[in-house]
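Q: Please take a close look at one helix pairing in this model, and describe how the two helices meet, what surrounds them and which aromatic pairs are found elsewhere.

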Amino acid sequence: MADSTEVENNVTLNPYALVQRQGMIEGNLDNAPTNQSLPRDINPGSRKLLIVITPTHARPHQAYYLNRLAYTLKLVQPPLLWIVVEMTSQSEETAGILRKSGIMYRHLVCKKNLTDIKDRNVHQRNVALSHIETHRLDGIVYFADEYNVYSIDLFEQMRHIRQFGTWTVAKQTQDNNRVTLEGPVCNGTKVIGWHLNELSKRYRRFHAEMPGFAFNSTILWDPRRWHRPTLEQIRQLETVKDGFQASSIIEQVVEDESQMEGLLQDCSRIMVWELNIESNSFYPQKWLMKNNLDVIAPLA
C-alpha cells in the first residue's frame with residue numbers, strides 16, 4: 001500500500017509540526033515519488049531527528065517485540081522516524097502495528113531472495129540505509145533490533161552525537177547464566193579501549209554491538225563534508241564472519257576511536273539489554289507456529 005501523503009521537501013518545520021504528521025506517514029515508500037523526504041532543515045534550537053532502523057520477520061514473538069519497541073519509541077521526544085523493514089512483502093500484522101503506534105514511520109520491503117542470503121537482517125538494514133541515502137534524511141541513525149530492551153535516556157543522549165557515538169551494551173549469554181558487557185571503555189567521552197569477552201572476536205577492529213552505536217546520517221550521503229577517503233556507499237557486509245558485522249559497518253563510518261564519542265558517565269551506564277528470550281524459550285508441542293501473531297493491544 002503506497003502512501004499518498006506528500007511530505008514537504010527542503011523546508012523548515014519545528015519538531016511539533018513533525019509529530020503532528022506522525023500518524024500520516026505510512027505505507028511502502030519504495031513506490032512513492034523519489035523526491036519525497038523528511039524536512040532536512042530543522043531549527044538549530046530544536047531536537048535532532050532520530051532515524052531508528054528495525055528489521056523484522058514473521059515468528060511467534062514478532063507482535064510482542066514490535067509493540068514493546070513501539071511503546072518505548074512513543075515515549076521518546078519527537079522528532080523520530082521509525083524505519084521498519086520486512087522481507088519480500090509487507091505483512092498486514094506489521095502494517096497494523098505501525099498504523100496504530102502513533103509514531104512517524106516508513107514501512108519498507110527487502111526484495112532479496114531468502115534462499116540466496118545468509119543473514120536477512122543485514123540486507124534489511126541495507127535497504128533502510130539506501131532509503132536514507134536516496135532521500136538525504138538528516139538525523140542520527142540507530143539500529144534498534146526489536147527484541148532488545150532500551151532506556152529512554154539513550155535516545156535523548158543520541159541527539160548530542162556529532163559524528164559517531166557509542167556506549168556499553170549488556171548481553172545475556174546463550175546459556176542465560178550470566179551477562180557480559182560489550183562496547184567501549186571510556187575516559188569521559190573519549191573512547192580508550194573495548195570490553196572483550198570472547199577470544200574468537202579479538203580480531204575485530206571495533207568491539208561494539210549493533211545496538212551499541214549511532215552515527216550522523218549525513219555521513220551516508222555527504223562524504224565530502226566528513227572528508228571520507230572514498231565515495232563508496234556505506235553498507236553492512238554479509239560476507240564477514242558472525243560477530244564482525246557491526247565492526248564492518250563502523251569501519252566505513254569512522255577511521256579510529258578519535259572520531260568517536262562515548263556516551264554517559266565514562267560509558268559505564270547500561271542503556272541497552274540484549275536478552276535471549278526467544279531462542280531459549282521452551283514451547284509445548286503444537287504451540288509452535290510458523291506465522292507471526294496477530295496484533296496485540298493497540299497503543300493508546
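A: The account below begins with the helix pair and then turns to the aromatic rings.

The model is a predicted one, and the part to look at is the packing of helix H2, residues 62-74, against helix H3, residues 92-101. Two packed helices are described by the angle between their axes and the distance between the axes. Here the axes of H2 and H3 come within 10 Å and cross at roughly 20°. Angles under 35 degrees count as roughly parallel, and H2 and H3 are therefore roughly parallel to each other. The handedness of the crossing of H2 and H3 is right-handed.

On the H2 side, the residues that take part in the contact are Gln-62, Ala-63, Leu-66, Asn-67, Ala-70 and Lys-74, and they meet Thr-94, Ile-97 and Ser-101 of H3. By character, the residues of this contact divide into four nonpolar, four polar and one charged. An α-helix has 3.6 residues a turn, so residues three or four places apart point the same way.

Turning to the surroundings of H3, the buried residues in this helix are Thr-94, Ala-95, Gly-96, Ile-97, Leu-98 and Ser-101. The cover over the buried residues of H3 includes H2, and also strand E2 (80-87) and strand E3 (105-110). After H3 comes Gly-102, which has a positive phi near 80°.

The aromatic rings form the other half of the picture, and a search of the whole structure finds ten aromatic pairs. One of them lies between Tyr-64 and Tyr-65, a tilted pair with 5.5 Å from centre to centre and 50° between the planes. Tyr-64 counts as partly exposed because its relative accessibility is 37%, whereas Tyr-65, at 1% relative accessibility, counts as buried.

Another pair, Phe-143 with Phe-213, is edge-to-face, with 6.0 Å from centre to centre and 65° between the planes. Phe-143 belongs to strand E4 (residues 140-143) and Phe-213 to strand E10 (residues 213-216), so this pair ties together parts that are 70 residues apart in sequence. Phe-143 counts as buried at 1% relative accessibility, and Phe-213 is buried too, with a relative accessible area of 0%. Ring pairs also link Tyr-142, Tyr-150, Phe-155 and Trp-167 into a cluster.

Conventions: Residues are numbered from 1 along each chain as its sequence is written. This is a predicted model: local features need pLDDT of at least 70, side-chain atom pairs count only at pLDDT 80 or more; totals for chains, interfaces and linings use all residues. Side-chain values use heavy atoms; hydrogens and water are left out. Axes are lines fitted to C-alpha atoms, for helices over the stretch in contact, and angles run from 0 to 180 degrees between N-to-C directions. Helices (H or I, at least four residues) and strands (E, at least two) are DSSP runs, numbered from the N terminus. Angles under 35 degrees count as roughly parallel, over 145 as roughly antiparallel, 65 to 115 as roughly perpendicular and the rest as oblique. A crossing is left-handed if the near helix is turned anticlockwise from the far one by less than a right angle, and right-handed if clockwise. Contact means heavy atoms within 4.5 Å. Ala, Val, Leu, Ile, Met, Phe, Trp, Tyr, Cys and Pro count as nonpolar, Asp, Glu, Lys and Arg as charged, and the others, Gly among them, as polar. Rings of Phe, Tyr and Trp (its six-membered ring) pair if their centres lie within 6.5 Å; planes under 30 degrees apart count as stacked, over 60 as edge-to-face and the rest as tilted. Buried means under 20% relative accessible area, exposed over 50%, partly exposed in between (1.4 Å probe, protein chains only).
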